[in-house]
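User: I've got a model open on my screen and I'd like to talk it through. Can you take my questions one at a time and show your reasoning?

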Amino acid sequence: DINPPRDSARVKLPNNQPIVTYTLIGLTIVVFIAQYLVEAINGNDLLFIYGGKINQLIEIGQFWRLITPILLHGSILHIALNMYALYILGVRLERFYGHGRFLLLYLLSGFAGNVLSFVLTPAPSLGASTAIFGLFSAEGIFILQNRNLFGSARTRQAMINLGIVLLINLAYGFAPGSNIDIMGHIGGLLGGVFFAWRGG
């Protein structure tokens, strides 16, 4: 028997353009600019008032608030970090899942994160990190499901790298004085696991 060249064992992803990732980034940036301009003119962040995760308003039936917070951000650093992560993860995962399933993964993760936050956290919140954490966990599941193609060494290294990033983010969320919605992050993780484990 002849062993195939090592390069032939690499995972080959479809070469489609990640248009959903680019669209989500563009839309989120446009919404952030609108937030900034409206607050500068009006003195209030009206987009957050009408779209943020505010438990009392969800309880009276404003259920869109379980998904719209993924488009809202509190600062330039906040949106910059989330959009960088969306770009890095989205370009890879959209090529694997395809446009429609990737969008579903993103929305489901964001929804799951906001639902868990609503159930367990009374504080208002906003940000795409609920959805971003779902992308993290989906990538981890993808790597595990394809570990025979990646090889044991590459799989182990990829999972270690992913685990370190997740632990740092989760630890920061538990730090005293942190304004991070940690339950939203955990909910997003669970949403990504559910989606990816079931094959997308």
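User: Where is the place of H73?

Analyst: Keep in mind that this is a predicted model. The chain has nine helices and zero strands, but H73 isn't in one of the helices here. Its place is in the loop between α3 and α4.

User: Is H73 buried or exposed?

Analyst: The cut-off for buried is under 20% relative accessible area. H73 has a relative accessible area of 2%, so H73 counts as buried.

User: Which side chain makes a polar contact with the side chain of H73?

Analyst: There are a couple of polar partners to sort out. The H73 side chain reaches A128 at 3.2 Å, but there the partner atom is the backbone nitrogen. For a partner side chain, look 3.1 Å away from H73 and you land on N82.

User: H73 touches Q35 too. What is the relative accessibility of Q35?

Analyst: The contact shows up from both ends: H73 has Q35 among the residues it touches, and Q35 has H73 among its contacts, along with D45, L47, L71, L72 and L126. Q35 sits in helix α1. Q35 counts as buried, because its relative accessibility is 2%.

User: Which residues have the most contacts inside the largest nonpolar core?

Analyst: In soluble globular proteins, nonpolar side chains tend to be buried together. Here the largest nonpolar core has 28 residues, and α1, α4, α5, α6, α8 and α9 each supply at least two of them. The residues with the most contacts inside this core are L86, Y97, F102, L105, Y106, I132 and L135.

User: Let's take L86. How far apart in space are L86 and Y106, C-alpha to C-alpha?

Analyst: L86 is found in helix α4 and is buried, with a relative accessible area of 0%. Leaving out residues up to four places away in sequence, L86 touches T21, L24, I25, V91, F102, Y106, I132 and L135. So Y106 is one of the contacts of L86, although the two are 20 residues apart in sequence. Their C-alpha to C-alpha distance is 9.6 Å.

User: What about F102: which residues does F102 touch, not counting residues up to four places away in sequence?

Analyst: F102 is one of the buried residues in α5, and it's also among those with the most contacts inside the largest nonpolar core. The contact with L86 appears from the L86 end as well. The residues F102 touches are V20, T21, L24, L86, G90, L93, E94, Y97 and L135.

User: How far does α5 reach from its first C-alpha to its last?

Analyst: Helix α5 covers residues 99-120, which gives 22 residues. At 1.5 Å a residue the expected span is 32 Å. The model comes out close to that, with a reach of 32 Å.

User: How much of an arc around the axis do the buried residues of α5 cover?

Analyst: The buried ones in α5 are F102, L105, Y106, S109, G110, G113, N114 and S117. Their arc around the axis is limited enough to put them on the same side of α5. G100 and V119 are exposed on the other side. The arc of the buried residues is only 150°.

User: Which helices do the buried residues of α5 pack against?

Analyst: We just placed those residues on the same side of α5, and that set includes F102 and Y106. Their packing partners are α1, α3, α4, α6 and α9.

User: How many aromatic pairs does the structure hold, and is the F96 and F142 pair stacked or tilted?

Analyst: The structure holds five aromatic pairs. For F96 and F142, the ring centres are 4.2 Å apart and the planes are at 45°. Planes under 30 degrees apart would count as stacked, so at 45° this pair is tilted.

User: How many residues apart are F96 and F142?

Analyst: F96 is in helix α4 and F142 in helix α6, so the pair links distant parts of the chain. F96 is partly exposed at 29% relative accessibility, whereas F142 is buried at 8%. In sequence, they are 46 residues apart.

User: Which residues do ring pairs link into a cluster?

Analyst: Start from F96 and F142, whose rings form a tilted pair. Another member is F195, one of the buried residues in α9. The full cluster is F96, Y97, F142 and F195.

Conventions
Residues numbered from 1 in each chain as written. Predicted model: local features only at pLDDT ≥ 70, side-chain atom pairs only at ≥ 80, totals over all residues. Heavy atoms only, no water. Phe/Tyr/Trp six-rings, centres within 6.5 Å; stacked < 30°, edge-to-face > 60°. Helix = DSSP H or I, 4+ residues; strand = E, 2+ residues; numbered from the N terminus. Buried < 20%, exposed > 50% of the residue type's maximum accessible area, 1.4 Å probe, protein only. Expected span 1.5 Å × (residues − 1). Arc of directions from axis to C-beta. Contact = heavy atoms within 4.5 Å. Polar contact = N/O pair within 3.5 Å; in protein donor to acceptor, adjacent residues only side chain to side chain. Core = buried A, V, L, I, M, F, W, Y, C linked by side-chain atoms within 4.5 Å.
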